[in-house]
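Thanks for making the time this morning. I would like to walk through one model with you, starting from a single residue and working outwards to the helices around it and then to a few backbone details.

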Amino acid sequence: MPSESVITVTDLKKHYGDIKAVDGVSFEVGRGQIFSCLGPNGAGKTTTVEMMEGLRTPTSGSIEIFDVDVTQDYASISHRVGVLPQDFEPFERLKAPEAVAYFGGLYNRKMTKQDVADLLDTVVLGHRAKTVAMKLSGGEKRRLGLALALVGEPELLFLDEPTTGLDAQARRGLWSLLENLRDEGKTIFLTTHYLDEAEKLSDDVLVLHKGKEIARAPPMGLI
Ligand SMILES: Nc1ncnc2c1ncn2[C@@H]1O[C@H](COP(=O)(O)OP(=O)(O)OP(=O)(O)O)[C@@H](O)[C@H]1O
Ligand SMILES: [Mg+2]
């Protein structure tokens with residue numbers, strides 16, 4: 001049992017008519033953990049994440065984040081959460097520093113040029129600061145998305161398939177970024193299709209299939 005729980009999900013369900021996208025899932029995520037939700041296409045990963053992000057209303061069950069019932073009051077914790085959506089695409093005509101500064105404005109965070117540069121260095125994108133987003137590689141765009149998720153200085157990150165479509169080297173680069181963020185004390189909930197990723201990164205793994213938990217273990221246990 002995690003020492004201090006950041007997320008507590010209990011018997012969570014989301015049904016769309018006959019489709020049971022999420023069908024009775026429970027888990028707990030402790031502070032400073034990387035928690036992976038592993039599963040194939042259609043398993044219910046995005047549905048689960050988006051309910052935690054206050055974007056979809058559960059059919060039933062409960063979600064507490066920072067001891068707040070997010071179905072009732074997501075707004076009171078939203079400033080403590082950073083989000084990287086599945087298939088994130090940056091504004092293609094903005095350069096990375098412009099995109100970061102724009103998001104800083106949305107979060108009411110006064111960012112100096114140095115703050116912007118430091119954040120881009122954190123995601124190893126400082127050297128691409130003069131390039132418009134449409135000319136970045138897939139891995140670089142994903143790192144820009146991570147930078148935007150970090151603009152609000154969140155304690156908790158939701159990353160929906162942060163490494164899908166990246167080559168092996170770019171994936172490993174992202175893994176070490178996430179480990180650094182975890183070591184700084186951030187809590188990370190990510191979804192993935194890759195067992196090796198869940199194994200390498202996570203303190204805890206939930207395996208979903210057709211909306212249900214089919215396995216739950218620290219990574220070594222899964223193998
Ligand atoms: N708005 C919706 N209306 C109806 N069905 C939906 C809706 N959203 C999701 N579903 C269904 O719920 C199931 C779970 O979808 P979800 O997107 O959560 O899966 P996923 O695990 O994120 O898959 P992927 O790996 O492809 O991203 C799928 O069968 C999907 O078709
Ligand atoms: Mg998905």
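Which residues does Ala96 touch, if we leave out those up to four places away in sequence? Before I answer, please keep in mind that what you are looking at is a predicted model. The contacts of Ala96 are Leu120, Leu125, Arg128, Ala129, Ala133, Leu144 and Ala147.

That residue is a useful way into the interior. The largest nonpolar core has 53 residues, and Ala96 is listed among those with the most contacts inside it, together with Met52, Val100, Leu120, Ala147, Phe158 and Ile188. Of the elements that supply this core, α5 gives the largest share, with six residues.

Let me turn, then, to how the helices are arranged, beginning with α3, which spans residues 96-106, and α5, which spans residues 138-150. These two pack at an angle of about 25 degrees, with their axes 9 Å apart, and because of that angle α3 counts as roughly parallel to α5. Their crossing is right-handed. On the α3 side the residues in contact are Ala96, Ala99, Val100 and Phe103, and they meet Leu144, Ala147 and Leu148 on the α5 side. Sorted by class, this contact has seven nonpolar residues, with no polar and no charged ones.

As a general reminder for reading such lists, an α-helix has 3.6 residues a turn, so residues three or four places apart point the same way.

The second partner of α3 is α4, and here the geometry is set out in the same terms. The axes of α3 and α4 come within 10 Å and cross at roughly 115 degrees, and the two helices are therefore roughly perpendicular to each other. The crossing of α3 and α4 is right-handed. Ala96, Pro97, Val100 and Ala101 in α3 meet Val116, Leu119 and Leu120 in α4, and the residues of this contact divide into seven nonpolar, no polar and no charged.

Now to α1, residues 45-52, where seven of the eight residues are buried, so that this helix is largely enclosed by the rest of the structure. Which residues of α1 are the buried ones? They are Lys45, Thr46, Thr47, Thr48, Val49, Met51 and Met52. Just after α1 comes Gly54, which takes a positive phi of about 75 degrees.

That brings me to the backbone. Most residues other than glycine have a negative phi. In this model, Asp11 has a phi near 50 degrees, a positive value in a residue other than glycine. Asp11 lies in strand β1, residues 5-16, and is exposed, with 12 other C-beta atoms within 10 Å. Glu153 likewise has a positive phi, near 50 degrees, and is not a glycine. Its place is in the loop between α5 and β7, and Glu153 counts as exposed because 12 C-beta neighbours lie inside 10 Å.

Finally, a word on the loop between α4 and α5, where His127 is found. Is His127 buried or exposed? With 10 C-beta neighbours inside 10 Å, His127 counts as exposed. The C-alpha atoms of His127 and Val83 are separated by 24 Å, and these two residues are 44 residues apart along the chain.

I will stop there and take your comments.

How values were computed
Residues numbered from 1 in each chain as written. Chains lettered and ligands numbered in written order. Predicted model: local features only at pLDDT ≥ 70, side-chain atom pairs only at ≥ 80, totals over all residues. Axes fitted to C-alpha atoms, helices over the stretch in contact; angles between N-to-C directions. Helix = DSSP H or I, 4+ residues; strand = E, 2+ residues; numbered from the N terminus. Parallel < 35°, antiparallel > 145°, perpendicular 65-115°, else oblique. Left-handed = near helix turned anticlockwise from the far one by under 90°. Contact = placed C-beta atoms within 7 Å. Nonpolar A, V, L, I, M, F, W, Y, C, P; charged D, E, K, R; others polar. Buried ≥ 20, exposed ≤ 12 C-beta atoms within 10 Å, placed from the backbone. Core = buried A, V, L, I, M, F, W, Y, C linked by C-beta atoms within 7 Å.
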